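Colleague: I have a new model open on my screen and I'd like to learn how to read it. Could you walk me through it?

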Amino acid sequence: MAHPFKISLTEEERRKLVDLVSRGNTEKRLAERASIILDTCEGIQGVEIARRLQIQGRVVTKWRKRYLEHGLQGLQEPSHSGAPRKLTEEFRRRVFAVLEKRPPRGCARWTGRAIAEYLGDVTPEQVWRVLREGKGRGNAERQ
């Protein structure tokens with residue numbers, strides 16, 4: 001059967017991949033990906049690479065393709081944008097607007113919990129995240 005993945009490395013690329021595999025402080029997943037590419041260059045079939053590394057064959061295929069498309073950079077985990085921010089500017093304004101009001105009866109200052117209860121649709125943790133970002137804006141104490 002023909003070898004579907006033909007990867008040629010420059011000396012510099014080979015050195016970097018070998019370094020990733022042999023360094024003791026390389027993240028395991030990255031060292032594994034470098035091993036996949038090095039083994040592929042040696043002509044080892046994907047099934048054999050998967051068996052040696054105790055991974056699924058589709059993982060071998062994925063990283064071979066990523067390397068062919070993006071080179072060494074393709075072996076890095078792509079950055080994820082993550083979930084959209086839940087703490088909008090409107091939310092921040094609401095939190096700081098509460099701090100302008102008188103604290104609840106019996107309290108000298110607003111607390112994160114009191115602000116959350118006043119707003120009704122947020123948690124104290126969300127309030128404190130906003131207050132930490134605001135670094136000292138307002139008059140609240142941790143509780």
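Modeller: Sure, and keep in mind that this is a predicted model. Let's start with one residue: Tyr-118 is partly exposed, at a relative accessible area of 44%.

Colleague: How do I read that percentage, and why does Tyr-118 count as partly exposed?

Modeller: Buried means under 20% relative accessible area, exposed means over 50%, and partly exposed is what lies in between. Tyr-118 has 44%, so it counts as partly exposed. Trp-110 has 3%, so it counts as buried.

Colleague: You picked those two together. How many aromatic pairs does a search of the whole structure find?

Modeller: The search turns up one aromatic pair. Trp-110 and Tyr-118 form it, with 5.6 Å centre to centre and 75° between the planes.

Colleague: What kind of pair do Trp-110 and Tyr-118 form, then?

Modeller: Planes over 60 degrees apart count as edge-to-face. The angle here is 75°, so the pair is edge-to-face.

Colleague: Okay, let me zoom out. How many helices and strands does the chain have?

Modeller: Seven helices and two strands. Read from the N terminus, the order is α-α-α-α-α-β-α-α-β.

Colleague: And what share of the chain is buried?

Modeller: Buried residues make up 35% of the 143 residues. As for the outside, the accessible surface comes to about 10,000 Å², and 48% of that belongs to carbon and sulfur atoms.

Colleague: What should I look for on the inside?

Modeller: Here's the general idea: in soluble globular proteins, nonpolar side chains tend to be buried together. In this model, the largest nonpolar core has 17 residues. Those with the most contacts inside this core are Leu-9, Leu-17, Ile-36, Ile-37, Val-60, Tyr-67 and Leu-75.

Colleague: Which helices supply at least two residues each to this core?

Modeller: H1, H2 (28-41), H3 and H4 (57-70) each do. H2 gives the most, with five residues.

Colleague: Can we look at Ile-36 up close? What is it in contact with, leaving aside its neighbours within four places in sequence?

Modeller: Ile-36 is in contact with Ile-49, Leu-53, Ile-55, Val-59, Val-60, Trp-63 and Arg-64. There is also a second, separate core of 16 residues, which includes Phe-91, Val-95, Ala-116 and Leu-131.

Colleague: Next up, charges. How many salt bridges does the structure hold?

Modeller: It holds 14 salt bridges. A handy way to read one is to ask where its two partners sit along the chain. Take Arg-15 and Glu-12, whose closest N and O atoms are 2.7 Å apart. Both lie in helix H1 (residues 11-22), three residues apart, about one turn of the helix. Arg-15 is partly exposed at 46% relative accessibility, and Glu-12 is partly exposed at 40%.

Colleague: Where do Arg-51 and Glu-48 lie?

Modeller: Both are in helix H3 (residues 46-53), again three residues apart, about one turn of the helix. Their side chains meet in a salt bridge at 2.5 Å, N to O. Arg-51 is exposed at 55% relative accessibility, while Glu-48 is partly exposed at 25%.

Colleague: Which salt bridge links distant parts of the chain?

Modeller: Try Arg-92 and Glu-133, where the closest N and O atoms are 2.8 Å apart. This pair links distant parts of the chain: Arg-92 is in helix H5 (residues 89-99) and Glu-133 is in helix H7 (residues 124-134), 41 residues apart. Arg-92 counts as buried, at 12% relative accessibility, whereas Glu-133 counts as partly exposed, at 39%. Salt bridges can share partners too: Asp-39, Glu-48, Arg-51 and Arg-52 are joined into one network that way.

Colleague: Is Thr-111 buried or exposed?

Modeller: Thr-111 is buried, with a relative accessible area of 5%. Its place is in strand S1 (residues 110-111). The side chain of Thr-111 reaches the backbone nitrogen of Ala-114 at 2.9 Å.

Colleague: One last thing: what about backbone angles? What is the phi of Gln-54?

Modeller: Gln-54 has a positive phi of about 55°, although it is not a glycine. You'll find Gln-54 in the loop between H3 and H4, and it is exposed, with a relative accessible area of 73%.

Methods
Residues are numbered from 1 along each chain as its sequence is written. This is a predicted model: local features need pLDDT of at least 70, side-chain atom pairs count only at pLDDT 80 or more; totals for chains, interfaces and linings use all residues. Side-chain values use heavy atoms; hydrogens and water are left out. Helices (H or I, at least four residues) and strands (E, at least two) are DSSP runs, numbered from the N terminus. Buried means under 20% relative accessible area, exposed over 50%, partly exposed in between (1.4 Å probe, protein chains only). A polar contact is a pair of N or O atoms within 3.5 Å; within protein, one must be able to donate a hydrogen and the other to accept it, and residues adjacent in sequence count only if both atoms are side-chain atoms. A salt bridge is a side-chain nitrogen of Lys or Arg within 4 Å of a carboxyl oxygen of Asp or Glu. A nonpolar core is a set of buried Ala, Val, Leu, Ile, Met, Phe, Trp, Tyr and Cys residues joined through side-chain atoms within 4.5 Å. Contact means heavy atoms within 4.5 Å. Accessible areas come from the Shrake-Rupley method with a 1.4 Å probe; for residues, only the protein chains shown count as cover. Rings of Phe, Tyr and Trp (its six-membered ring) pair if their centres lie within 6.5 Å; planes under 30 degrees apart count as stacked, over 60 as edge-to-face and the rest as tilted.
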